[in-house]
Amino acid sequence: MRKFFHLKNIPGKKKLCGFLFTALLTMAVLGGCAGGTGESSGDNSSVESGEIPLDSGSEQESTGGTDGETSAEESASGESTAEAGQAGQETPENQYGGSIVVGIQQDIDSLDPHKATAAGTKEILFNIFEGLVKPDENGNLINAVASDYTISEDGLVYTFTLREGVKFHNGNAVTAEDVKYSLERVSGLLDGTPLISTLSVIEAVEIIDEQTVQVTVGSANTELIYSFVAAIIPAGSGEAEGADPVGTGPFSFVSYEPLKGITMTKNPDYWQEGLPYLDSVEFKIMGDGDTSLMELQGGTIDFYAYLTDSQAQALQDSHQVISSPTNMVQALFLNNAVEPLNDVRVRQAISYALDKEAINDFVAGGNGTLISSAMMPTLKEYYVDLNDTYGTAANVEKAKELMADAGYAEGFDMEIAIVSTYEFHMQTGEVIAEQLKEIGIQATIRGMDNGTWLDEVYNGRQFDATITALTCDMTPGYLMNRFQTDSKKNFINFQSPEYDEIYLKAQATLDPAEKAEYYKELQKILCDEAGSVFIQAPANMTAISKRLAGYKFYPVYVQDMSTVYIVE
């Protein structure tokens, strides 16, 4: 019997005051959005590869404040040991030890946490690295390397108090110098090249004392706090992180073999008392969906996420198969710069031709949420339902009219690039290819490995169309930022001066209601211009061995192994 798990929100213990933080609070408590350790709403948003991973929100109670600043106290979930496992098991008192193997769908694109692009990489590195803050399983933003922070009322000064006793995996204590170095590296203050675009607004990082670091930014942004999930690494480590990564997370790096996987071991000095339970975890790269299914059934891997409906059906008796919301938006992404996709009428025709309901039913068992633009439905105050624009079922007649008007009544050939290990996207591609035949488009699926996809499609922009899923954090701007004309992550080459102008207004305003209206306008522009064909926010169906418990689903793209334990 398939099990379904629903996330719940548990308020964190925080203090707030001032208009700026009230705006942040309004935004943050809206619900969970898509997964990983993505660094907030900047150009560094992730791709599951299929695409790119996401961040967190915070839910707070008002306890007053002082000196016109906002303070984030220790969250209860940040200080306690693991809660009950999400698979229905109770947390053990002495259930320590053992090793597990987690099947993953793509190779690692970088072990340097500031340079990793793929969501599949970031969800793994979540176990090795931590920022000043990080997401928890309830969608809250909790303190990590920092034990507290304040934001000045004008939103221009962030002051972080470092947590005592946090150590790197090399045994050295984390210092203010390490934090200063890490933030200067990602912001571009070290060499002029920002590694996380949202943090390029940092103008200065100052050490106030051994436990306090003050960050000054050039402009206020209620979404910026989410960017401080950026990993804290040892001062001066720089490029060495890509070969021998050193972080503060629950597991430390052991080894990595390209196309094989990555192994990590328990961090005995982890600051969260009692975690982790396991001695070691291996993340093993799976060749394809069939191999993954066989290894799950044979017991050579213990855990595998992002199942298709057919895979879930095959495993429902032998494994715990659990469905949870995701922070991903799946789409048929169209390269707006290549003919004939540079014609809006052709892109609109494709939008009318697709039957999203059939795709959702066939690939996701009907569990996905149909969408028509790049915003997570869980961000309710910012989301606008645009499914009526093109409809969720195919309108072949309207699609043919637009194709004829654009001069392509006889159709054309098109290649759809897909990372072949992502069975969910491959099956989606097969359905779409059949649907497009109805309007004369002969779509050929080109399967490729993740590295090739990143080089040619995502970074090189040498493609017609691709199917992938973009992940997001808990901020409404995380996905919308990538469709600005000059965004480095605008791999579909979408161009709209009106979009660019409204996006800047959305970032500048501190009024939550005004910000929400701007984001709704952006969604409508992207939909009307058919920048791409957004399909669904898919559910994450995950297979977990019955010998395991304690796994926690996040509303962002991460694989947290710190609370997992063996029950047999």
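Okay, so α7 and helix α9, residues 396-405, pack at an angle of about 165°, with their axes 8 Å apart. Helices here are DSSP runs of H or I of at least four residues, strands are runs of E of at least two, and both are numbered from the N terminus. The axes are lines fitted to C-alpha atoms, for helices over the stretch in contact, and angles run from 0 to 180 degrees between N-to-C directions. That makes α7 and α9 roughly antiparallel, therefore, a label for angles over 145 degrees.

Before I go on: this is a predicted model, where local features need pLDDT of at least 70 and side-chain atom pairs count only at pLDDT 80 or more, while totals for chains, interfaces and linings use all residues. Residues are numbered from 1 along each chain as its sequence is written, and side-chain values use heavy atoms, with hydrogens and water left out.

Back to the pair. Which residues of α7 meet α9? On the α7 side we have R345, V346, Q348, A349, Y352 and A353, and they meet K398, A399, L402, M403 and D405 in α9. Contact, by the way, means heavy atoms within 4.5 Å.

Now the sheet. Six strands form an open sheet, mixed in its pairing, and the order is β16-β20-β15-β19-β17-β18. Two strands count as paired if DSSP finds at least two bridges between them. The edges are β16 (369-370) and β18 (441-448), each pairing on one side only. α7, residues 344-353, packs on this sheet and touches β15, β17 (412-419), β18 and β20, its direction making about 130° with that of β15. Helix α11, residues 450-459, packs on the sheet too, touching β17, β18 and β19 (465-471), at about 125° to the direction of β18.

Inside the sheet, β15 (residues 328-334) and β20 (residues 532-537) are antiparallel partners over four bridges. One bridge to look up is L332, whose partner in β20 is V533.

Elsewhere there's a hairpin: β10 (residues 251-257) and β11 (residues 261-266) pair in the antiparallel sense over six bridges. E257 has G261 in β11 as its bridge partner. Three residues sit between the strands, and L259 takes a positive phi near 65°.

Last, the totals. The protein chain has 14 helices and 23 strands. Of its 568 residues, 63% are buried, meaning under 20% relative accessible area with a 1.4 Å probe, protein chains only. The accessible surface comes to about 19,600 Å², and 46% of that belongs to carbon and sulfur atoms; that's Shrake-Rupley, also with a 1.4 Å probe.

Conventions. Buried means under 20% relative accessible area, exposed over 50%, partly exposed in between (1.4 Å probe, protein chains only). Angles under 35 degrees count as roughly parallel, over 145 as roughly antiparallel, 65 to 115 as roughly perpendicular and the rest as oblique.
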